[in-house]
Amino acid sequence: MTNLDNYDFCKPYIMDGEYILWEGAPEKGLNLTSRDVVLLPFSLVWLGFSLFWEFLAVTTSGSLFMMVWGLPFVAVGIYLLFGRFLQTLYLRDKTFYIITNKKLIIRSGNKIKLYRAQDLPPMDIQFHKNGNGTILFYQMGYGVNGRRYGSYFALENIADVAGAQSAISRMEQ
């Protein structure tokens, strides 16, 4: 699959009078975030405790129930420590961004999300130590029951942050 084939997915979603202002993809490789500063130690403690539980359940001739009970906790610990990074690396290879004059199109794996220009929340730009950046769109709202909720999406770990930000600014509001 060539680089042009990666962006062919957007053709059915581009209407008459609409044209592409910017296209890009997240940079490959591992990019640790501030969230990982908290999640990595928590993951180590979680996995360590669940492995300790399993060790005790097996060595103290614990019941089969106690051995099986700990397995999902071990699986969650392994995912938190390793699996989420592997999932991120896998999805980065399959994520592409298109900014047209009327909408933002994000393909991640088999999912395609469309955001109309007039519906985009304000953007925050976060720069990473490697020179790349993330454009984050975050919106707070209130549900039917009066509870607050937040939703967000992002153009993650892109090298051409200035180009993407400029294209978003040129979208027809």
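**Exercise 1. Determine which residues tyrosine 7 is in contact with, leaving aside its neighbours within four places in sequence.**

Solution. Take contact to mean heavy atoms within 4.5 Å. With its neighbours within four places in sequence left aside, tyrosine 7 is in contact with Glu23, Gly24, Ala25, Phe96, Tyr97 and Ile98. Next, place the residue in the chain: tyrosine 7 lies in the loop between α1 (3-6) and β1, where helices (H or I, at least four residues) and strands (E, at least two) are DSSP runs, numbered from the N terminus. Then consider one partner, isoleucine 98, which is 91 residues from tyrosine 7 in sequence and 7.8 Å from it in space, C-alpha to C-alpha. Finally, tyrosine 7 has a relative accessible area of 11% and is buried, a term that means under 20% relative accessible area, with exposed over 50% and partly exposed in between (1.4 Å probe, protein chains only).

The model is a predicted one, in which local features need pLDDT of at least 70 and side-chain atom pairs count only at pLDDT 80 or more, while totals for chains, interfaces and linings use all residues. Residues are numbered from 1 along each chain as its sequence is written, and side-chain values use heavy atoms, with hydrogens and water left out.

**Exercise 2. Describe the largest nonpolar core and state which element gives the most to it.**

Solution. A nonpolar core is a set of buried Ala, Val, Leu, Ile, Met, Phe, Trp, Tyr and Cys residues joined through side-chain atoms within 4.5 Å. The largest has 19 residues, and those with the most contacts inside it are Ile99, Leu104, Leu120, Ile135, Leu155, Ile158 and Ile168. At least two residues each come from β1 (20-24), β2 (95-100), β3 (103-108), β6 (133-142), β7 (148-158) and α4 (161-169), and α4 gives the most, with four residues. To look at one member, isoleucine 158 touches, among others, Trp22, Tyr97, Ile135 and Ala164, not counting residues up to four places away in sequence. A second, separate core of seven residues includes Cys10, Phe96, Ile98 and Ile105.

**Exercise 3. Establish how spread out the chain is, starting from its helices and strands.**

Solution. The chain has four helices and seven strands, which follow the pattern α-β-α-α-β-β-β-β-β-β-α along the sequence. Its radius of gyration is 21 Å, well over the 16 Å that the globule rule gives for 173 residues, so the chain is more spread out than a compact globule; the radius is taken over C-alpha atoms, and the rule is 2.2 Å times the number of residues to the power 0.38. Along the principal axes, the C-alpha atoms fill a box of roughly 70 × 45 × 35 Å.
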